[in-house]
Amino acid sequence: MRIDEIAGQKTAVTHLKNALIKNQIAQAYMLIGEPGMGKKTIATAFAESILCEERKPGEYEHCGSCQSCHQVETGNHPDCIFVTHEKPEVITVDEIREQLVSDVEIKPYQGSRKVYIVPDAEKMNEQAQNALLKTLEDPPEYAVIILLAANADMMLQTILSRSIKLPLSPLPDEVIEDKLIKNYAQPKYRASSIVKFARGNLGRAIEMSENDDFIEDKNLAAEIMKKVVRTESYQWKDWIDELTGDKDKSRLSLFLGLFMDYYRDILMFKSGAGRDKLMFADEGDVIAEEAFEYDFEGLKNCVEAIEDCKAKIRSNVKPSLALENLFITFSRNYSE
């Protein structure tokens, strides 16, 4: 994708375009935004322009047809390195040393620059961040390091101070809806329903659009949320079996996101928002009723429990057990 084709993110894109035009490319950037906001897309497009063999001085777009551009697009450019990590929740010091700190001492193979892209940068442990910091303090002139972070608060302040920080913003609903209709062949009624749950996140919207059963799943999530706090634990088995039956955990991940959206609606309504602001708009009567049954502390506990459930599943806790404990927390904080 070319930089001009990136939807929204005008501030970040304009900064990177100007850096290319003026040939004032910094040696460290940090793109900040939740998963699905386009961090990797922007970083890749920027890297492709940096390494393009045909880009002329004063231009910012890569040609898309030279050998270098093809190599970046296919993930085979020797001077465009994506730092990977084996464990899902941590980037270790050895991984940073092997893939970045040691490698950066080797001059570019093909051109005048070498680009390192570090997804999930906030997952670097303290030792890994300190190892990276030594490189950031005195990087080779040819090195460009792009950190992709969902939560910059987890980064060392010394790393933040040595990086140009480019926060990404949620996209307007109409931009996402237009993309879904034009680029992903979604009928308008379905795109409109998906947009409510995307929260300005194009990646999340695309993922939901690729789920043919999204509307049915959304309705099931609402049914579970309405009934789980009013039923005994032995009655949860069918829901737990259905949500945890997917071996790659993608179905459960979708539903945890929908549960979060449901509590977000209750919190919004309890805080005075109108029904037109609700994601689960067709459940407005139930949302209004439950806004009186939960207090703010209980809602906070439920939201935190969803995040804790996600973390436990990423750490390979048995999904069915994590989900049952989550439902228990929902019930304990419901005051009917």
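Which residues does His77 touch, not counting residues up to four places away in sequence? In this predicted model, the contacts of His77 are Leu51, Ser68, Gln71, Val72 and Gln110. His77 lies in the loop between α3 (67-73) and β2 (80-82). Its relative accessibility is 6%, so His77 counts as buried.

The cysteines were examined next. A disulfide is a covalent bond between the sulfur atoms of two cysteines. A search of the whole structure found zero disulfides. For Cys66, the closest cysteine sulfur belongs to Cys69. The two sulfurs are 3.6 Å apart, which is too far for a bond, because a disulfide requires sulfur atoms within 2.5 Å. Cys309 is in no disulfide either. Its nearest cysteine sulfur, in Cys302, is 12 Å away. Cys66 is buried, at a relative accessible area of 6%. Cys309 is also buried, at 2%.

Helix α5 was then considered. It comprises twelve residues, 126-137. At 1.5 Å a residue, α5 should span 16 Å. The C-alpha atoms at its ends are 16 Å apart, so the expected and modelled spans agree. Several residues of α5 are buried: Ala128, Gln129, Ala131, Leu132, Leu133, Thr135 and Leu136. An α-helix has 3.6 residues a turn, so residues three or four places apart point the same way. The buried residues of α5 pack against two strands, β1 (28-32) and β4 (143-149). They also pack against two helices, α4 (93-101) and α6 (157-161).

Backbone angles were also inspected. Most residues other than glycine have a negative phi. Asp120 has a positive phi of about 55 degrees, although it is not a glycine. This residue sits in the loop between β3 (114-118) and α5. Asp120 has a relative accessible area of 31%, so it is partly exposed. Arg199 likewise is not a glycine, and has a positive phi of about 55 degrees. Arg199 is placed in the loop between α8 (188-198) and α9 (202-209). At 37% relative accessibility, Arg199 counts as partly exposed.

Loop residues thus appear in both settings, because His77 is buried at 6%, whereas Asp120 is partly exposed at 31%.

Key: Residues numbered from 1 in each chain as written. Predicted model: local features only at pLDDT ≥ 70, side-chain atom pairs only at ≥ 80, totals over all residues. Heavy atoms only, no water. Buried < 20%, exposed > 50% of the residue type's maximum accessible area, 1.4 Å probe, protein only. Helix = DSSP H or I, 4+ residues; strand = E, 2+ residues; numbered from the N terminus. Expected span 1.5 Å × (residues − 1). Contact = heavy atoms within 4.5 Å.
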